Amino acid sequence: MLINPETKYRPFNAFPFPERTWPSKTITKAPIWCAVDMRDGNQSLINPMDHDRKIRFFKLLVDCGFKQIEVGFPSASDTEFNFVRYLIDNNMIPDDVTIQVLTAARPELIERTFEALKGAKKVVIHVYNAIAEIFRRIVFNKSQDEIIDMATTATQLVVDQCNKNPQTHWTFEYSPENFSLAEIEYAVRICEAVADVWKPSEQRPMIINLPSSVEASTPNVFADQIEYFCTHFSQRSKVCISVHPHNDRGTAIAASELALLAGADRIEGCLFGNGERTGNADLVTLALNLYSQGIHPNLDFHDIKHIGEVVKECNELPIHPRHPYVGDLVFTAFSGSHQDAIKKGFQNHQKQNHTYWEMPYLPIDPADLGCSYEAVIRVNSQSGKSGAAWILQQNHGIELPPHLQREFSIIIQQKTDQSGHELTPAEIWSIFREHYGLTGQNKLTLQEFNVEQNAPNSTKLKLTLNIDGKKSTMEGEGNGVLSAGTAILKEKTHLDFRIVEYNEHTLGKNSDSRSISYIKCSNRAGESFWGVAIDNDILSSSLKALLNAVSKFIG
């Protein structure tokens, strides 16, 4: 890299626009969406989609609810031409879907495009030509007036062809390509000339698409360009203003959203942002950003993982694991502080009376996109005390007491530090069962018991235990079952210990759900151990938890 990049690169020359109003506005409704995956997205693939992949992608876009779909560039190749014909000839286009096709502003390409569209019900015919000074000077060697003449000549040819095919409902779309790089006054001027030829009206709809073909400025500058165009174009009320942002600077999403604030009605882009170079605006992210603000995007992404799989298979491109909304890790927390906040958020969500989603670190409910909560928290060496506890809660219904949660988190931390890898839910469950006596491999195991209530504060307990493989029966009394059990074990093991904490709860909401008990015991030496047990009977689980804790003193 250069030490003095200013000798090679010039900053974007933004125009002064103090009369802007977009910063004080708010998006209140979804834009018109146009998916260009099958044209712009397809031409950027290492291996462009074949016929079958195109059909699958088209059906996916229809299922997602797109009403405008750019299906190809039929004058570019026989493959593109034949695919458009296949859709039309086989009646595969739903009545509420308008197909869009692209063509450069060249007569022979426009005529070939119309051949591909014969018999279609509703079509957006999309014509473009580059207008920016760098293209006029380097690529075409033409003046501003010559570029305008190219655009208006092409528009007149489109008008003539549309008149010859009145059975189709035509919408004309014009793109002054490289709009974001062009002089703003010139962009307005060429679009005025094109509109004068088309004569937009309710019966002759027109779209003016303002592309950021190469993203060259910050999104606020693009928003200024859009608002300037909207306020200076004389037939604004008669046309739909569309934007087509690319992602060269990584800000296509922001540019799209600010363009809506600035007056745009429509957005062209691709699912998950595929496209040339760094891609197009990601329509899924844009739509779900709206959804997270309480605005229905008029698109359906209820099974986001399935959509992602279809896109990956058709595009033969991966989706980054941290891609917004669809990546494998976007609803996952490894950080301890994040896990603790999310765990408390879910606890609060279960208690609250209203339905609003208020969840730390999760701007949208994964369940709305068909994702489960199981992978929201995953455990590695960066995880805190809530991570393993969440896994046990989600998979087994276990609500660890706070002190046990902290102790178990230390055990898990040691395991992840030793391995250097993430622990799976199955591994966490195995460690929990082994450490707290749930495997049945303990010094003391319960065979059977009998309880007699002699008086309000006097309980007689008869225990039959397996002690190191030998069966033994003993009796004791106390003011409760656990008190009596403690007295028996003290006498039998000659250990001086006491119960310092006891918790229990059911593992389900049904009356026949199993119960889990947690018991912490301490001795005079300051040692403390937890025992945990699960049983259909609460007394049985309590006694087993006590035995599991005391077994550790013996061990």
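Is the crossing of α2 and α11 left-handed or right-handed? The crossing of α2 and α11 is left-handed. This is a predicted model. Two helix pairs are covered here: α2 with α11, and α16 with α17.

**α2 and α11**

- Helix α2 spans residues 51-64, and helix α11 spans residues 304-315.
- Their axes come within 10 Å and cross at roughly 155°.
- Angles over 145 degrees count as roughly antiparallel, so α2 and α11 are roughly antiparallel to each other.
- On the α2 side, the contact is made by Arg53, Arg56, Phe57, Leu60 and Cys64.
- On the α11 side, the contact is made by Ile307, Val310, Val311, Glu313, Cys314 and Asn315.
- By class, this contact of α2 with α11 has seven nonpolar, one polar and three charged residues.

**α16 and α17**

- Helix α16 covers residues 481-493, and helix α17 covers residues 538-554.
- The axes of α16 and α17 come within 11 Å and cross at roughly 30°.
- Angles under 35 degrees count as roughly parallel, so α16 and α17 are roughly parallel to each other.
- The crossing of α16 and α17 is right-handed.
- From α16, the residues in contact are Val481, Leu482, Gly485, Thr486, Leu489 and Thr493.
- They meet Leu539, Ser542, Leu543, Leu546, Leu547, Val550 and Ile554 in α17.
- By class, the contact of α16 with α17 has nine nonpolar and four polar residues, with no charged residues.

Notes: Residues are numbered from 1 along each chain as its sequence is written. This is a predicted model: local features need pLDDT of at least 70, side-chain atom pairs count only at pLDDT 80 or more; totals for chains, interfaces and linings use all residues. Side-chain values use heavy atoms; hydrogens and water are left out. Axes are lines fitted to C-alpha atoms, for helices over the stretch in contact, and angles run from 0 to 180 degrees between N-to-C directions. Helices (H or I, at least four residues) and strands (E, at least two) are DSSP runs, numbered from the N terminus. Angles under 35 degrees count as roughly parallel, over 145 as roughly antiparallel, 65 to 115 as roughly perpendicular and the rest as oblique. A crossing is left-handed if the near helix is turned anticlockwise from the far one by less than a right angle, and right-handed if clockwise. Contact means heavy atoms within 4.5 Å. Ala, Val, Leu, Ile, Met, Phe, Trp, Tyr, Cys and Pro count as nonpolar, Asp, Glu, Lys and Arg as charged, and the others, Gly among them, as polar.
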